[in-house]
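This report introduces a structure to a reader who has not met it before. Please look at the sequence and the model before reading on.

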Amino acid sequence: MGNGLKKIARSQLIIPLIALLLLVVFNLIRDVEFFSITIKTDNFGNSVLSGNLISILNGASAVAIMSIGMTLITSSCKGQDISVAALAAIAGSVFVSVLRSNEITVPVIILAFLLCSVVAVLFSLFNGVLVAVFKIQPMIATLILFSAGRSIAYWINGGATPTVSSPLLTSIGGFIPGIPIPTPIIIMVIFLILISLVLRFTNLGLYTQVVGINEGTAHLNGINPVWIKLIAFIISGICIATAGCITVCRIGLINHETLLLDAEMDVILAVAIGGTSLGGGKFNLAGSVLGAYVIQALTVTLYAMKVPSAAVKSYKAVVIILIVLISSPVVRDSAVKLYKKLFKKQKETEIPVKAS
Amino acid sequence: MISVTGDVVQESDNALRMVAMQNDNVLSMRSINKSSPGVQALKDVDFNLRKGEIHALMGENGAGKSTLIKILTGVYPKDSGQIFINFDGTVREINVKSPYDAQNLGISTVYQEISLCPNLTVAENMFIGRGNYRLVNWRTIKKKTTDILNKLNIPARATQQLGTCSIAVQQMVAIARSVDMDCKVLILDEPTSSLDEQEVEKLFSLMRDLKSRGVSIIYITHFLDEVYEICDRITVLRNGELVGEYEIKDLPRVQLISKMMGKDLDDISSLQNRKSIDEQSDTTPVYEADGLSSLECPNAFDFRIHKGEVNGFTGLLGSGRSESVRAIFAADKITGGKIKVNGKTVKIKKPRDAMMHGIGYLPEDRKRDGIVEDLSVRENIILALQVMKGFFKPFSRAEAEEFADKYIKLLGIKTASMDTPIKSLSGGNQQKVILARWLLTNPQYLILDEPTRGIDVGTKIEIQKLVLKLAEEGVSVTFISSEIEEMLRTCSRLIVMRDRKIVGELRGEEMTQSNIMRTIAGEAV
């Protein structure tokens with residue numbers, strides 16, 4: 001058992017797990033009702049699951065999906081893409097503009113999604129080329145689309161914030177008739193399975209980490225760091241397009257100014273909480289996704305405590321400072337030292353007892 | 001008792017001072033000791049610098065040159081020993097605590113990488129970080145700078161941005177800055193390694209000018225020609241110990257090299273019991289290059305190696321031996337050359353090409369180019385073979401564990417488990433992991449650049465034995481080592497390099513310490 005505990009303590013998952021556990025305990029003490037899941041009948045007559053847990057899982061989907069791409073970029077490029085939310089706005093705008101110029105049917109939705117994926121991948125590749133080929137620091141390189149992205153989105157739909165409505169879209173953003181689980185959660189699960197398959201059947205994970213840890217070694221072992229970085233940006237582009245489309249479907253309109261506003265910071269935070277060093281190297285996809293749920297759980301908890309929405313961010317900041325501090329190497333080291341000290345003392349006190 | 005010991009110390013102290021300041025010395029370091037964890041970096045080293053001389057500090061890698069300089073400039077504290085200066089007629093002992101201290105005392109260093117700010121102007125660079133100017137009079141500073149630049153004949157303008165000057169001029173500005181701070185001792189740490197010949201000449205005339213003004217210069221370089229062109233005296237260090245202090249005219253090149261390498265010319269007793277591997281010059285070479293050149297190795301060279309042959313590239317540090325083998329592996333951008341593997345013309349433009357043709361390369365700098373520090377021993381071992389197998393064909397966990405297990409046992413790698421991150425292994429075991437990585441690819445030609453550097457003696461011998469065993473099994477090996485006897489023991493042919501050019505090739509009986517040194521020095525064998 002001791003070994004198992006040690007393994008968990010050493011693993012990168014420890015921080016998000018602890019954070020999630022603390023949130024759960026806090027809510028248990030505060031109000032057990034927080035965890036209740038009920039079956040409701042929604043406006044369309046479907047019986048669906050509802051409750052705080054469902055809204056946490058549902059609400060975090062977009063951030064969780066984008067955190068997958070961000071994790072790969074962070075690991076290989078030793079930096080973050082701060083333009084993901086702006087790119088999601090572009091992707092969403094393309095999605096809506098295709099939908100509005102056609103009758104909304106399943107093939108059209110698929111076409112619109114493919115098209116907006118291509119656009120998002122192209123924009124993401126623009127970032128990728130700046131980072132991988134021109135060796136510009138990721139934050140500076142992506143600052144360009146961070147500032148320009150929403151203007152481009154504005155231009156795609158001629159400055160309007162058009163709505164799209166169709167039962168098909170509602171079933172993507174909400175519930176598919178007959179299935180009580182919100183569709184974004186299902187999409188998230190499919191995404192996780194897909195990326196796990198990619199990691200299982202390719203060397204993406206190994207190569208990405210090698211490039212992130214030691215580019216010189218990567219080069220001398222026949223890995224092309226430029227390609228690995230570009231692949232990270234391509235995958236991130238697909239993640240961004242998916243997140244953008246889910247959000248558009250959920251709210252039924254595209255507002256280039258507010259769609260996933262400030263989400264890039266949540267995404268980066270999710271990666272950090274997940275135990276991937278923002279300085280690159282070893283990564284942990286499951287941790288990042290978990291990190292996204294931690295953030296959403298925190299938000300939902302705060303709302304459940306009737307914290308005014310304008311104040312939520314500052315409360316969030318306090319908790320995040322705590323999480324980041326706990327995961328800092330300084331605190332971790334001293335925690336290990338403290339643990340050893342306590343452990344040693346126990347041993348020392350044990351021996352004389354036995355001797356006597 | 002105490003007072004007696006005190007007196008003795010006092011007396012020997014005075015005696016030391018006397019000795020220290022003979023011969024017009026401005027600086028004298030006495031019995032400097034410094035140990036870093038596990039190694040004695042400096043052992044009782046003395047160093048004397050006279051007024052107005054250019055003094056070369058020579059030694060191979062790990063000889064202790066930079067440690068000595070860092071103690072002098074206060075970067076490292078010394079364990080024991082004394083440093084005396086005599087800049088104004090009085091001898092005093094100094095205790096340098098920081099580079100800032102050293103600068104105030106009149107000891108300045110100009111490093112290979114210029115530590116000035118390229119985006120500030122020359123004048124700004126000359127005066128930043130000096131004293132507490134509350135109000136800066138830029139006009140005065142500009143004028144002062146122009147004066148100094150003119151005085152020292154430095155081709156730069158005071159208002160020019162430093163980054164727009166050539167590296168040589170930047171270095172001169174750094175020197176001028178030191179001179180203007182009234183430095184008595186100027187330390188130049190490999191200033192010429194990135195300069196072309198004309199720039200070197202400019203730098204030298206500046207150095208001669210400073211010398212005539214009474215500045216003493218400590219000059220660190222690995223270019224022998226430069227030492228003989230500009231220096232007055234030489235101090236040689238080896239393995240942290242002082243070999244000696246010599247007038248330049250008393251120390252011909254061959255002797256200097258032998259002092260640096262630690263071998264006497266007539267020391268034939270240590271000659272090898274190396275197995276002579278017959279060179280099958282009639283068969284097709286495993287690898288053959290004609291006129292190969294790369295960005296880092298601009299002088300095109302020819303090279304061939306036969307099946308089961310062990311050859312070596314030798315030469316002093318900076319002679320271009322590593323750059324040459326890097327070119328063979330296409331580690332740097334290839335700029336020309338024809339390559340044949342087993343007689344067939346092939347294209348090797350990037351490391352992966354070389355790997356696919358059965359070439360393996362263990363890099364010189366294990367930390368920077370070899371290990372992937374945060375990944376496990378297992379992942380580090382399978383890396384190269386995995387890349388060769390392809391992106392879409394990862395090894396299963398079981399396969400990877402089998403490979404790792406096999407090579408951990410075969411090479412006797414000491415690790416807690418195969419999942420341990422490689423960074424927590426000792427240097428020797430890390431090196432074995434990298435070796436395992438290449439052995440796993442089953443190469444026909446293996447390049448080992450300094451595989452024995454910085455590892456314990458036992459592992460060194462294991463690695464040499466391994467090289468010979470590989471050769472017996474038909475693998476061709478290029479073996480590079482700073483330790484000549486290692487190469488004599490393992491290689492059947494030595495390619496000798498100097499100043500980035502191949503200057504000779506020794507085989508069989510010709511391969512002796514003295515011949516190698518003579519060839520490096522440029523004398524006929």
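The sections below describe selected sheets, helices and contacts in turn.

## Basis of the report

The structure is a predicted model. The description begins with two sheets of chain B, continues with the side of chain B that touches chain A, and ends with a pair of helices in chain A.

## The six-stranded sheet of chain B

Chain B holds an open sheet of six strands, arranged in the order β16-β17-β18-β13-β19-β20. Its pairing is mixed. At the edges are β16 (359–362) and β20 (501–507) of chain B, each of which pairs on one side only. From one strand to the next, the twist averages 15°.

Within this sheet, strand β18 of chain B deserves a closer look. It spans residues 476–480, and five of its five residues are buried, so the strand is largely enclosed by the rest of the structure. The side chains are divided between two directions: S476(B), T478(B) and I480(B) point one way from β18(B), while V477(B) and F479(B) point the other way. All of these residues are buried.

## The neighbours of β18(B)

Two strands of chain B are described here as partners of β18(B). Strand β17 (residues 445–449) of chain B pairs with β18(B) in the parallel sense, over five bridges. In this pairing, Y445(B) has S476(B) of β18(B) as its bridge partner, and L448(B) stands opposite F479(B).

Strand β13 (residues 310–314) of chain B also pairs with β18(B) in the parallel sense, here over two bridges. N311(B) has T478(B) of β18(B) as its bridge partner.

## The four-stranded sheet of chain B

A further open sheet of chain B has four strands in the order β12-β11-β14-β15, with antiparallel pairing. The strands β12 (301–305) and β15 (344–346) of chain B form its edges, and each pairs on one side only. The twist from one strand to the next averages 20°.

Inside this sheet, β11 (residues 287–294) and β14 (residues 334–341) of chain B run antiparallel and are joined by six bridges. S293(B) stands opposite G336(B), which belongs to β14(B). Helix α10 (residues 321–328) of chain B lies across β11, β12 and β14 of chain B, and runs at about 115° to β11(B).

## Where chain B touches chain A

The contact between the chains involves 23 residues of chain B and 17 residues of chain A. On the chain B side, α11 (351–356), α12 (366–370) and α13 (377–389) of chain B each supply at least two residues. Helix α13(B) gives the most, with six residues. The residues on this side of chain B comprise 15 nonpolar, two polar and six charged.

## Two packed helices in chain A

Two packed helices are described by the angle between their axes and the distance between the axes. In chain A, helix α6 (residues 106–132) packs with helix α12 (residues 225–251) at an angle of about 145°, and their axes are 7 Å apart. The crossing of α6(A) past α12(A) is right-handed.

The residues of α6(A) that meet α12(A) include F113(A), C116(A), A120(A), F123(A), L125(A) and V131(A). On the α12(A) side, the residues include V226(A), K229(A), F233(A), I238(A), A241(A) and C245(A). The residues of this contact divide into 16 nonpolar, seven polar and one charged.

Key. Residues numbered from 1 in each chain as written. Chains lettered and ligands numbered in written order. Predicted model: local features only at pLDDT ≥ 70, side-chain atom pairs only at ≥ 80, totals over all residues. Pairing = 2+ DSSP bridges. Axes fitted to C-alpha atoms, helices over the stretch in contact; angles between N-to-C directions. Contact = placed C-beta atoms within 7 Å. Nonpolar A, V, L, I, M, F, W, Y, C, P; charged D, E, K, R; others polar. Buried ≥ 20, exposed ≤ 12 C-beta atoms within 10 Å, placed from the backbone. Left-handed = near helix turned anticlockwise from the far one by under 90°.
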